[in-house]
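The exercises below are to be worked through with the sequence and the model at hand. Each task is followed by a solution in steps.

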Amino acid sequence: MAVRIRESSIRTLMARKGIKTQIELAKLCDMNHISLNTLIKGRRKTISGTTIDRLCEILDAQPGDFLYYEPSAD
């Protein structure tokens, strides 16, 4: 089981807020841009509550606007 970020949704939310790049979003969220990129690309297995909170606050969104559940392939 994994909770993943839907990249297309993040891009839409960023555009709505006038945020042009992941680097800009990372700075606003007080995150390393490489960490944010790996999270958005689905290369990280976990997402902390703090990160979800920051993204929601900066993007004026709810977790369901950019997160989705992906069952494990076991």
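**Exercise 1: Two neighbouring serines**

Ser-8 lies in helix α1. The model is a predicted one, in which local features need pLDDT of at least 70 and side-chain atom pairs count only at pLDDT 80 or more, while totals for chains, interfaces and linings use all residues. Residues are numbered from 1 along each chain as its sequence is written, and side-chain values use heavy atoms, with hydrogens and water left out.

Task: State whether Ser-8 is buried or exposed, or in between, and do likewise for Ser-9.

Solution.
1. The cut-offs are under 20% relative accessible area for buried and over 50% for exposed, with partly exposed in between (1.4 Å probe, protein chains only).
2. Ser-8 has 48% relative accessibility and therefore counts as partly exposed.
3. Ser-9 is also placed in helix α1. Its relative accessible area is 16%, so Ser-9 is buried.
4. Leaving aside residues up to four places away in sequence, Ser-9 touches Asp-65 and Phe-66; a contact means heavy atoms within 4.5 Å.
5. Ser-8 and Tyr-69 are 61 residues apart in sequence, and their C-alpha atoms are 15 Å apart in space.

**Exercise 2: The salt bridges**

Task: Determine how many salt bridges the structure holds, and describe the partners of Glu-7.

Solution.
1. A salt bridge requires a side-chain nitrogen of Lys or Arg within 4 Å of a carboxyl oxygen of Asp or Glu. The structure holds 2 of them.
2. One joins the side chains of Glu-7 and Arg-11, at 2.9 Å from N to O. Both residues belong to helix α1 (residues 7-16) and are 4 residues apart, about one turn of the helix.
3. Glu-7 is partly exposed at 24% relative accessible area, and Arg-11 is partly exposed at 43%.
4. Another salt bridge pairs Lys-41 with Glu-7, at 3.1 Å from N to O. Lys-41 lies in the loop between α3 (33-40) and α4 (49-59), whereas Glu-7 is in helix α1, so this pair ties together parts that are 34 residues apart in sequence.
5. Lys-41 is partly exposed, with a relative accessible area of 37%. Through shared partners, the salt bridges join Glu-7, Arg-11 and Lys-41 into one network.

**Exercise 3: The chain as a whole**

Task: Give the order of the secondary structure elements and explain why the radius of gyration agrees with a compact globule.

Solution.
1. The protein chain has 4 helices and 2 strands. Helices (H or I, at least four residues) and strands (E, at least two) are DSSP runs, numbered from the N terminus.
2. From the N terminus, the order is β-α-α-α-α-β.
3. The radius of gyration is taken over C-alpha atoms, and the globule rule is 2.2 Å times the number of residues to the power 0.38. For 74 residues a compact globule would have a value near 11 Å; the protein chain has 12 Å, which agrees.
4. The C-alpha trace spans about 40 × 20 × 20 Å along its principal axes.
5. Of the 74 residues, 34% count as buried.
6. Among contacts between residues at least 6 apart in sequence, 60% join residues at least 24 apart.
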